[in-house]
Amino acid sequence: RAHYSGGRLKVTARTGTRQWSVATNRFNPNHWQFLEFSWSKDKGLSIYINNQLVASSRSSTSRARADSETEAGQAPFYLGRGDGMDTRAVYANMTLDDMEYWFGPRDWLLAFDYIQRGRPTRYHFDMDGIRNHRLVHSSMDIPVHGNPRLVHGRVNNAIQLDGNSQYIDIGRHSDICLGNPNLCRHGSTSSMWMNFQQFQ
C-alpha cells in the first residue's frame, strides 16, 4: 500500500501477521520519477527513487489476524485508488507507465543479474493501450475504470488518471505472489515511472 500525505510518500507492506512501514519526503510532484518498492520478510521494506535508496526499515510490527485480508490472500490490487483501509483516501491524479512486478527483493534480483530481465516470474504492464475499457495485456483481464486517457509517456504511451474516480483494477490473485504476499517466498519488487500532477 502506498499513499501520499503531508508532503510524504508512505509505503506499507503487510502479511497475515506482520506489517512494515517506511516514508520519504524526497518525492516531487510534476516530474517523472522511477519508483521501486522492495520487500522481503528478512530485509524489510525499502523505497528507491531514480535508483537511489531513500527510505528503508527492517523492523515490523504485529497485526491482528482478524483485520487482515492478506491472511487468506484476499487483498485487492489497485492502482490509482485506496485499498479501503483509510476512509479519507482519494483517487490519484497521476500518470503511470511501464510497471513491472518481480517475485523477489531488489538486492537479490540485482545480485544475481535477474533485474536485467532474467528468469524470475514477473508481470509487465506497459500502459501502452486501452481497448474496450481494459488495459491491453497478453495474459490478464484488467478493467480500467472512469475512462482515463492515453498520453505520451516516459516509455511509449502512459495512462493518465485525473483523480476523479479513475483507476486500474489489477484484480485479486490469491494463488500467486502478485495478490498474496504469503506466497512470495523470496519477497517482491515492483517498479514504475510515475508523474504526479496533484496528489493530496
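Trainee: Quick one to start: which residue is the bridge partner of Arg131 in E12?
Mentor: That's Arg134. Keep in mind that we're looking at a predicted model.

Trainee: Okay. How many bridges join E11 to E12, and which way do the two run?
Mentor: Two bridges, and the strands run antiparallel. E12 covers residues 134-135, and E11 is 130-131.

Trainee: What sheet do they belong to?
Mentor: An open one with five strands, ordered E8-E16-E13-E12-E11, with antiparallel pairing. E8, at 77-79, and E11 stand at the edges. Each of those has a single partner strand, so one side of each has no neighbour in the sheet.

Trainee: While we're around there, where does Asp126 sit?
Mentor: Asp126 is in the loop between E10, residues 122-125, and E11.

Trainee: And what does Asp126 count as in terms of accessibility?
Mentor: Partly exposed, with a relative accessibility of 25%. Buried would need under 20% and exposed over 50%, so 25% puts Asp126 in between.

Trainee: Which residues is Asp126 in contact with, leaving aside neighbours within four places in sequence?
Mentor: Asp97, Asp98, Val136 and Asn157. Take Val136: it's 10 residues away along the chain from Asp126, and their C-alpha atoms are 8.5 Å apart.

Trainee: Switching to the N-terminal end. How do E1 and E2 pair?
Mentor: Antiparallel, over four bridges. E1 is residues 2-5, and Ala2 stands opposite Val11 in E2. The two strands make a hairpin with two residues between them. Gly6, in that turn, has a positive phi of about 60°.

Trainee: What about E2 on to E3?
Mentor: Antiparallel too, here over six bridges. E3 spans residues 18-24, and a hairpin of three residues joins E2 to E3. For a specific pair, Thr12 has Ser21 in E3 as its bridge partner.

Trainee: Is E2 largely enclosed or open, and why?
Mentor: Largely enclosed by the rest of the structure, because five of its seven residues, 8-14, are buried.

Trainee: Which strands make up that sheet, and in what order?
Mentor: Four strands, E1-E2-E3-E7, in an open sheet with antiparallel pairing. E1 and E7 (61-62) are the edge strands, each pairing on one side only. E3 and E7 are joined by two bridges, and Arg18 stands opposite Ser62 in E7.

Trainee: New topic: pockets. What's the volume of the second largest one?
Mentor: About 220 Å³. Its lining has 14 residues, and Ser40, Asp42, Arg185, His186 and Gly187 lie nearest the centre.

Trainee: How does that lining divide by residue type?
Mentor: Five nonpolar, four polar and five charged.

Trainee: Which elements supply at least two residues of it each?
Mentor: Strand E4, at 33-40, and helix H1, at 106-111.

Trainee: Let's zoom out. How many helices and strands does the whole protein have?
Mentor: One helix and 17 strands. Of the 200 residues, 49% count as buried.

Trainee: What share of the contacts joins residues at least 24 apart?
Mentor: 61%, counting contacts between residues at least 6 apart in sequence.

Trainee: Last one: what does the accessible surface come to?
Mentor: About 10,500 Å², with 42% of that belonging to carbon and sulfur atoms.

Conventions
Residues numbered from 1 in each chain as written. Predicted model: local features only at pLDDT ≥ 70, side-chain atom pairs only at ≥ 80, totals over all residues. Heavy atoms only, no water. 1 Å grid on protein atoms, 1.4 Å probe; cavity = no way out; pocket = protein on both sides within 12 Å on 5 of 7 lines; lining within 4 Å. Points joined across faces, edges and corners; volume = space filled by probe spheres on them. Nonpolar A, V, L, I, M, F, W, Y, C, P; charged D, E, K, R; others polar. Buried < 20%, exposed > 50% of the residue type's maximum accessible area, 1.4 Å probe, protein only. Pairing = 2+ DSSP bridges. Contact = heavy atoms within 4.5 Å. Areas by Shrake-Rupley, 256 points an atom, 1.4 Å probe, with all protein chains shown as cover.
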